[in-house]
Amino acid sequence: MRWSRTLITTLRDDPQEAEIPSHKLMVRAGLIRKLSGGLYTFMPLGLRALHKVARIVREEMDRAGAQEILMPALQPAELWERSGRLAAMGPGMFKLRDRAERLMALGPTHEEVVTELLGHEISSYRQLPCTVYQVQTKFRDEIRPRFGLMRSKEFIMKDAYSFDTSLEAADASYQAMYDAYVRIFARCGLLARAVEADTGDIGGKWSHEFMVLADSGEDGLVDCPACGYAANQERAERAAPAADAPACCPDREPVATPGVRTVDELATFFACPADRFIKTLVYLADGKPVAALVPGDRDLNEHKFKRLLGAKKLELADEATVQKVTGAPVGFAGPVGLAVPTYADPSLQGAADRITGANLADTHLRHVDLARDAAVTAFEDLVIVGPGDACPRCGQPLQLKRGIEVGHVFKLGTKYSEAFEAKYLNEKGQSELMVMGCYGIGVTRTLQAVVEQCHDADGIVWPVSVAPFAVTLLLLDPKDPAVCATVDALERDLQAAGIDVFVDDREERPGVKFKDADLIGCPIRVVVGAKGLAKGGVEVKLRTSKSADLIPPDQATDTIRTLIAGLTSAATR
Ligand code: ATP
Ligand code: MG
């Protein structure tokens, strides 16, 4: 490919709306262009890199025994009613009506469509196990599309779905996908980490997310350097801290606290540390009031609380509900005399001499002994786990990191096969539900995650496996026939050796070409100029090294082939 005949424009300055390095670089290097918020066009170089990621994904899916299909992106909304997810997806799903006024949706994911499909196609245990996948555009009306391809309204996902005869067989299908994911991200040159994850709206019993470690990542993940436990912060647990030793506690006593509501305000008012308070949070779980108690210096993890309650919907109670349940305005709730199910974090076991709301306007209680003064329904792990908390597996201190979720694998069980009556006949001729799993990779997000992890101050540093081109060939003197002839011959040779090469043949100063080559970041740069040729060679340099080697033109292809083999084996080691 020749730059002069290609639609590639690089930018000197960062685009205004871009906040993270990969977004800035993808726009500056001319890989993507914004249409509007959360919508991007792939330009020629970006599309090449995207195709390479997708190819790796397909190769590993095929190797794992999955079969590629392609389902419609446009789906009847009626399918989503059958699974009960139409309401759950809410405004996150793009909906429209066809000319017969039938409600349709642009697929944010495909559990419904695939279960309906396989429910009809599969009739016997002989056809199982079966895993299908597709690489397809998905649509999600994200609340805050941002960071370029990281969180967009339209993106390319690889989604796979497994169908099995039993939970054990489904475990094997899950493991095959998990292993394929490990290979995919390694082949893309990414350092990715599998972490235990929440199952969210997709449902199901168990899941892992694949996270690319990056400071700009939207997800918090908890990591135990001692034993390898790793979990999304939404799901992370901690070993329960030792219960407080029994302490004698004076009788509880109301204290007037007009207008003092938050823990910070209370800490100042009572002149004591935040952990001496018990926060009482009133929620509505599927419309019914419940309370959660956590120490004043900790935050409630709503995901864990929702899972504990088995609720479909969990929301902080509105002011009127708080008033009704506690008899006081927001800010003065407490566990004493509270007549709704009340869950407390295990760190509050044995908690004595604490300060809580009094369920009375402008009043708190001091000297509260939780066991003596309140009725706790159960002690359950409720807080957001943070750095220094004890690992739930080995008790060592946990660390907190940030990550980008590039993939997600779920064990779904029979949630969808029940809704769609996706059954097969077993060996005895009896009808049984298929056991499912689902597995997603954000292909476009993965591409940008590569840039987020692989760049330096000058630009992108592509791993050879997904680089738009392996080699950038800089033609420094476009008017010099000898230089042009050398470039022509080298381009032909490299192509014949199966190596992708991109020739910068623009009428531009060498400085501009060097800067653009670094910005676009192909792994190998070859410079052909009159000066070099006079010294007997072309300059060959890795994007990652400072200095170039002068190689005779007729040996350049071999040298480059060896360099690529080195880069490839280093990536898969
Ligand atoms: P997130 O928590 O980031 O919103 P999700 O958990 O909703 O993602 P899944 O339903 O698990 O996403 O989708 C599978 C994969 O699709 C994700 O792991 C991610 O890589 C990708 N993905 C999801 N939403 C987007 C988006 N808005 N833009 C780009 N990629 C996305
Ligand atoms: Mg996910």
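Begin by selecting strand E8, residues 154-164, together with strand E21, residues 399-413, since these are two elements to hold in view around ligand 1: each of them supplies at least two residues of its shell. Of the two, E21 deserves the longer look, as this strand gives the most to the shell around ligand 1, with four residues. Keep in mind throughout that the model is predicted.

Next, select ligand 1 and expand the selection to its surroundings, where 14 residues should appear, the closest being Arg140, Glu142, Arg151, Ser152 and Glu405. Colouring this shell by class brings out five nonpolar, four polar and five charged residues.

Now turn to the individual atoms of the ligand. A nitrogen atom of ligand 1 lies 2.9 Å from a polar backbone atom of serine 152, and a nitrogen atom of the ligand is also found 3.3 Å from a polar backbone atom of methionine 150. For an approach through a side chain, select histidine 408, where an N or O atom of the side chain is 3.1 Å from an oxygen atom of ligand 1. With these contacts displayed, switch to a surface view: the protein covers 86% of the 580 Å² of accessible area that ligand 1 has on its own.

For the last stop, leave the ligand and select strand E10, residues 206-213, which contains glutamate 209. Is glutamate 209 buried or exposed, and which side chain of opposite charge is nearest? Glutamate 209 is buried and yet has no salt bridge, the nearest side chain of opposite charge being that of arginine 445, 8.1 Å away. Add asparagine 232 to the selection, and a polar contact of 2.6 Å can be drawn between its side chain and that of glutamate 209.

Notes
Residues are numbered from 1 along each chain as its sequence is written. Chains are lettered from A and ligands numbered from 1 in the order in which they are written. This is a predicted model: local features need pLDDT of at least 70, side-chain atom pairs count only at pLDDT 80 or more; totals for chains, interfaces and linings use all residues. Side-chain values use heavy atoms; hydrogens and water are left out. A residue is near a molecule or strand if one of its heavy atoms lies within 4 Å of it. A polar contact is a pair of N or O atoms within 3.5 Å; within protein, one must be able to donate a hydrogen and the other to accept it, and residues adjacent in sequence count only if both atoms are side-chain atoms. Accessible areas come from the Shrake-Rupley method with a 1.4 Å probe; for residues, only the protein chains shown count as cover. Ala, Val, Leu, Ile, Met, Phe, Trp, Tyr, Cys and Pro count as nonpolar, Asp, Glu, Lys and Arg as charged, and the others, Gly among them, as polar. Buried means under 20% relative accessible area, exposed over 50%, partly exposed in between (1.4 Å probe, protein chains only). Lys and Arg count as positive and Asp and Glu as negative; His and the chain ends are not counted. A salt bridge is a side-chain nitrogen of Lys or Arg within 4 Å of a carboxyl oxygen of Asp or Glu.
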